[in-house]
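Below are some notes for a colleague who is opening this structure for the first time. Please read them with the sequence and the model side by side.

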Amino acid sequence: MTSGPSFYGGIPVFRGFTSLMDPTLYSPLPDDWSIGVADIVDSTKAIAAQRYKAVNMAGAAVIASVTNALAGREFPFVFGGDGASFAVAPDDVELAREALAATATWVREYLDLTMRVALVPVSVIRAQGLDVRVARFGPSANLSYAMFSGGGLAWADAAMKRGEFAVTEAPAGTQPDLSGLSCRFEVIPASRGLILSVLAMPARGGDPHAFRKVIEDIIHLVERSPEGSRPVPPQGPPLKWPPQGLEFEARTRRGGPLLARRAAVLAYTLFAYLIMRFDINVGRFAPNVYRRQVVENSDFRKYDDGLRMILDCTPDLERALSDRLEAAAREGIVRYGLHRQDAAMMTCFTPSLLRSDHVHFIDGAQGGYASAATALKAMAA
C-alpha cells in the first residue's frame with residue numbers, strides 16, 4: 001500500500017456508525033507519516049469566560065489552514081472542540097508545519113488565545129509500542145470523516161502537552177489561509193431536553209475488549225433510542241443577520257484593515273442570508289440542497305482513541321448513558337466525562353458552495369468537549 005498522500009483515499013468508507021469498533025475497518029498509517037496535534041492552553045479558563053466560540057474557531061482553523069495548504073488534498077483529521085488532530089504524508093509535512101505555525105500566530109493575535117502545536121512522526125509513536133490506525137466513516141454520500149485507533153493520537157497529544165515535538169509559532173503578523181472557515185449559524189437549542197457532550201476513553205491498563213464492548217453499548221443505546229439524535233434539526237440550524245460569528249469571520253480574512261474586512265463580511269453575509277432565507281437559487285447553488293447537506297455532513301460523533309459525541313437527548317437517555325459509563329469506570333474499563341448544556345453550536349468549513357463535501361463541526365454551546373474533558377480529568381485524578 002502506498003505511503004503517499006493517496007494512501008488515505010484508498011481506505012474503504014464504512015457507513016454504519018455501530019460498526020465503529022470493528023478493528024478490520026482500521027488501516028495502519030505508513031511509518032513515514034506524521035501526526036499533527038493542536039490544542040488551546042488553558043481552554044478551561046477560556047470556557048469559564050464564555051469564550052466558547054473563539055475556542056471552537058481556533059480548533060477548526062487548524063483543519064482549514066492545513067486543508068488549504070495542501071490545496072484540498074484529502075487527509076485524515078478530527079476536530080476536538082478546543083483543538084484538532086490530523087495525519088499527513090511525508091511530502092506534505094512541511095506544508096502542514098507552516099500552516100500550524102501560522103495558525104498558532106493567528107490564534108494568539110486575533111483570538112487572544114494560546115495554541116500549542118506539534119508534529120509527531122508515526123515511527124516514534126510505534127517505538128512506544130502504540131499504533132495509529134485510521135478508518136473512514138461516511139455520515140452521508142457527500143463526504144467521509146476520519147476515525148483513529150491504536151492509542152497513538154492520545155500519546156501524541158500528551159507529548160505535545162509535555163512540550164515535545166513543538167512547532168514554533170510563525171513570525172508576528174503571519175496569517176494562514178483560512179478561506180472557507182465561517183460560523184454564520186446561530187446556536188442550536190436542544191429539542192429533547194438537553195445537549196450532552198460525551199467523552200469516553202480507555203482506562204489505563206484496562207481490558208481493550210471490555211472497552212470495545214462499552215463503546216458498542218453506548219452507541220447502541222443512542223442508535224436504538226428515539227430519545228436521542230444529532231443536534232442539528234432536519235431544517236438546518238437557525239440563521240440570522242447580522243450573524244453571531246461576524247467578528248470571527250472578519251478575522252479569518254486576509255489583507256486590509258479589520259474594519260474593511262468587517263464591512264465586506266457584513267455585505268457578503270447579507271447576500272447569503274437573503275438567498276438562504278428566501279430559497280433563491282443562484283447559478284448552480286440551491287439553498288435547499290445546501291441546507292440538507294449541512295444536516296447530513298454535521299460532525300457530531302467520532303472516534304479518536306476514544307468516543308466523542310454531541311447529542312440532543314432526553315434526561316432519561318442521559319441517565320442511561322451515565323449509568324453505563326459509571327459502571328464501566330468502577331470496573332476500571334473506561335474514563336469518561338459528560339457535560340450538559342441547553343444548546344449546540346456549529347463551526348463550518350466550506351471551501352466551495354458548489355461541492356457537497358463541506359464540513360460542519362458540532363460542539364456544545366456552553367463548554368462542550370472541553371468541559372467534558374475537564375470532567376474526565378477530574379475522574380482520573
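1. In this predicted model, a good place to begin is L325, which, once neighbours within four places in sequence are left aside, is in contact with V198, A200, V214, I218, V334, Y336 and L338. L325 is also one of the residues with the most contacts inside the largest nonpolar core, a list that further includes L20, F86, M147 and L307. That core has 99 residues, and its largest share, 11 residues, comes from α2. Apart from this core lies another, of 23 residues, with Y8, V37, V134 and A156 among them.

2. Which residues make the contact between α6 and α10? The axes of helix α6 (residues 208-224) and helix α10 (residues 315-330) come within 10 Å and cross at roughly 175°, and because angles over 145 degrees count as roughly antiparallel, α6 is described as roughly antiparallel to α10. On the α6 side the contact is made by K213, V214, D217, I218, L221 and V222, while α10 contributes L317, A320, L321, R324, L325 and A328. Sorted by class, the contact has 9 nonpolar and 3 charged residues, with no polar ones.

3. Helix α3 (residues 93-111) has 19 residues and reaches 26 Å from its first C-alpha to its last, which is close to the 27 Å expected at 1.5 Å a residue. Its buried residues are V93, A96, A99, L100, A101, A102, T103, A104, T105, W106, V107 and L111, and what covers them includes the strands β3 (34-40), β5 (83-88) and β6 (115-121) as well as the helices α2 (52-69) and α7 (246-252). The helix is followed by D112, whose phi is positive, near 55°.

4. Is S27, in strand β2 (residues 27-28), buried or exposed? S27 has a relative accessible area of 15% and is therefore buried, the cut-off for that term being under 20%. If residues up to four places away in sequence are not counted, S27 touches F7, I11, V132, R133 and V134; of these, V134 is also among the residues of the core of 23 residues.

5. A158 has its place in helix α5 (residues 152-161), and it counts as partly exposed because its relative accessibility is 31%. The C-alpha atoms of A158 and V37 are separated by 9.7 Å, although these two residues are 121 residues apart along the chain. V37, for its part, is named among the residues of the core of 23 residues.

Technical notes:
Residues are numbered from 1 along each chain as its sequence is written. This is a predicted model: local features need pLDDT of at least 70, side-chain atom pairs count only at pLDDT 80 or more; totals for chains, interfaces and linings use all residues. Side-chain values use heavy atoms; hydrogens and water are left out. Helices (H or I, at least four residues) and strands (E, at least two) are DSSP runs, numbered from the N terminus. Buried means under 20% relative accessible area, exposed over 50%, partly exposed in between (1.4 Å probe, protein chains only). Axes are lines fitted to C-alpha atoms, for helices over the stretch in contact, and angles run from 0 to 180 degrees between N-to-C directions. Angles under 35 degrees count as roughly parallel, over 145 as roughly antiparallel, 65 to 115 as roughly perpendicular and the rest as oblique. Contact means heavy atoms within 4.5 Å. Ala, Val, Leu, Ile, Met, Phe, Trp, Tyr, Cys and Pro count as nonpolar, Asp, Glu, Lys and Arg as charged, and the others, Gly among them, as polar. The expected span of a helix is 1.5 Å times one less than its number of residues. A nonpolar core is a set of buried Ala, Val, Leu, Ile, Met, Phe, Trp, Tyr and Cys residues joined through side-chain atoms within 4.5 Å.
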